[in-house]
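Open the model in your viewer and keep the sequence panel in reach. The stops below each begin with a selection.

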Amino acid sequence: MIRFLDAGESHGKALIAILDGLPSNFIVDIDYINDELKRRQTGYGRGERMKIEEDKIEILSGLRGRKTTGNPITMMIHNKDYEKWKNIIDREPEDKEKISIPRPGHGDLVGYFKYGTGDIRDSIERTSARETAIRTAVGALCKSILKEIGIDIRSKVNSIGNSYEEIVDLFDDSIYEKINNSSVRCYDEEIEKSFMKKIDICKEEGETIGGSVYISVKGVPIGVGSYSQWDRKLDAILSYGIMSLQGVKAIEFGNGLDLSLRGSSFNDEILYKDGRISRDTNNCGGIEAGVSNGEKIDIKVFIKPIPSIKKDIRTIDLKTREEKTTRYERSDVSAVVPASIILENIVAFYILKELLSKFPNDEFNDFKKAVKDYRDSVYIK
Ligand code: EPS
């Protein structure tokens, strides 16, 4: 069973994660993890902070040389911006410095009442999506293990505001190359311009904007997840991880939101082609009854606009209950492009976790062999 906890604050010294339960003898590619961190940082719509940070992973335990040992893996990313913030972060603020005007939509109001420290700075530091850097590192390590097992996870941006690009097969390498080279992660140049324009207009107007991303997972064998208990269903487990990403407000598996389809068209007919069970459609998104069915796992995720906006909206001062307008904290204009990368990595953690629960093995090569033997037995007949 793999699990992890992370810690660290947006402007604190560092972000840390402890990832426990990975099989031994897997050769870790640090460059791959750092490339994923870079992918997360470089999207259109980012603010000033990304010019400061240059995220790199440091592994403090769990490896001998480059190989996993089965011991817990401690990962760390330093916050470069800490140097400028340490006088704020590392001392108790005077009363007049405490923040009491919450940004609607952020964790400011709920954190103020829940933890009662009297300073919104405390919740800002932990609710910030800066935390997704370390979650991306954890997921990237899981994603690199899945790659060796024959499972690939890809993503694109589907919409920025109400500007939309059609879903496409992300495993068409020439299309995916275009997506990876686009600063808004889409394949059509006209749509790319319209996505960028939406973000530019928001920036000029002191606004922020949401959107949606599409994640597709190829190679998960039949039988991952379970219907035997409600809390073992794969779609429910993935949703838990996906909803935990800052700003996510909705998820669709396959074409779950297409209510125009009736039963005979929605339910994907079962066919037998080229020696394997297959489907011509994937409306169920690769999961039936909470169990992977061997098709691609297709997920669309919807992200709301960032709550740190320059434009004034109404709020109150929690100390006096007086009406105020929001105070501005430096932020990004849109988090949709980085969300696409972060979600690939969040999904990777859960797919690996569930795969290891079906094929429990302490050693990587045994794990790989168990998955291969099972795949052969299912697909050849
Ligand atoms: C964030 C606010 C901004 C973002 C940050 C998330 O940071 P800052 O307050 O330092 O300007 O840049 O995202 C990251 C730092 C990151 O690495 O993704 C927020 O309030 O959620």
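The model is a predicted one. Start with T68 and show its neighbours. Leaving aside residues up to four places away in sequence, T68 is in contact with P23, S24, N25, F26, V28, G62, L63 and I73. The residue belongs to strand β5, which runs over residues 67–68. Is T68 buried or exposed? T68 has a relative accessible area of 3%, and because this is under 20%, T68 counts as buried.

Next, select L109, V110 and F113 and turn on the surface. These residues make up a nonpolar surface patch, and their accessible area together is about 290 Å². Then pick out F113, which sits in helix α4, residues 108–115. With a relative accessible area of 48%, F113 is partly exposed.

Now select E192, in helix α8 (residues 189–204). Add S182: 10 residues separate E192 and S182 along the chain, and their C-alpha atoms are 7.4 Å apart. S182 is also among the contacts of E192, along with S183, V184 and C186, when residues up to four places away in sequence are not counted.

The next selection comes from a record. An unreviewed UniProt entry carries the annotation "binding site" for R126, T127, S128, Q246, G247, A289, K304, P305, I306, P307, S308 and R330. The set extends over 205 residues of sequence and is spread in space as well, with up to 43.9 Å between C-alpha atoms. Which of these residues help line the largest pocket? From this set, the pocket lining includes T127, S128, Q246, G247, K304, I306, P307, S308 and R330.

Two residues of that lining are worth a separate look.

- Select G247, in the loop that joins α9 (234–243) to β10 (248–253). Its relative accessible area is 25%, so G247 is partly exposed. Beyond residues up to four places away in sequence, G247 touches F302, I303 and K304. Of these contacts, K304 is also in the annotated set.
- Select R330, in the loop between β17 (323–325) and α11 (336–358). R330 is partly exposed, at a relative accessible area of 37%. Show its contacts: H11, E48, R49, I52, D81 and W85, again without residues up to four places away in sequence.

To finish, display G247 and R330 together with the lining of the largest pocket, in which both take part.

Definitions and conventions:
Residues are numbered from 1 along each chain as its sequence is written. This is a predicted model: local features need pLDDT of at least 70, side-chain atom pairs count only at pLDDT 80 or more; totals for chains, interfaces and linings use all residues. Side-chain values use heavy atoms; hydrogens and water are left out. Helices (H or I, at least four residues) and strands (E, at least two) are DSSP runs, numbered from the N terminus. Buried means under 20% relative accessible area, exposed over 50%, partly exposed in between (1.4 Å probe, protein chains only). Contact means heavy atoms within 4.5 Å. Patches are made of residues with over 30% relative accessible area and no salt bridge: like charges are joined within 9 Å, nonpolar side chains (Val, Leu, Ile, Met, Phe, Trp, Tyr) within 5 Å. Accessible areas come from the Shrake-Rupley method with a 1.4 Å probe; for residues, only the protein chains shown count as cover. A salt bridge is a side-chain nitrogen of Lys or Arg within 4 Å of a carboxyl oxygen of Asp or Glu. UniProt positions are given in the numbering used here, feature names are shortened, and annotations may be inferred rather than shown by experiment. On a 1 Å grid over the protein atoms alone, a cavity is a set of points where a 1.4 Å probe fits but cannot get out, and a pocket is an open set with protein on both sides within 12 Å along at least five of seven lines; lining residues have an atom within 4 Å of a point.
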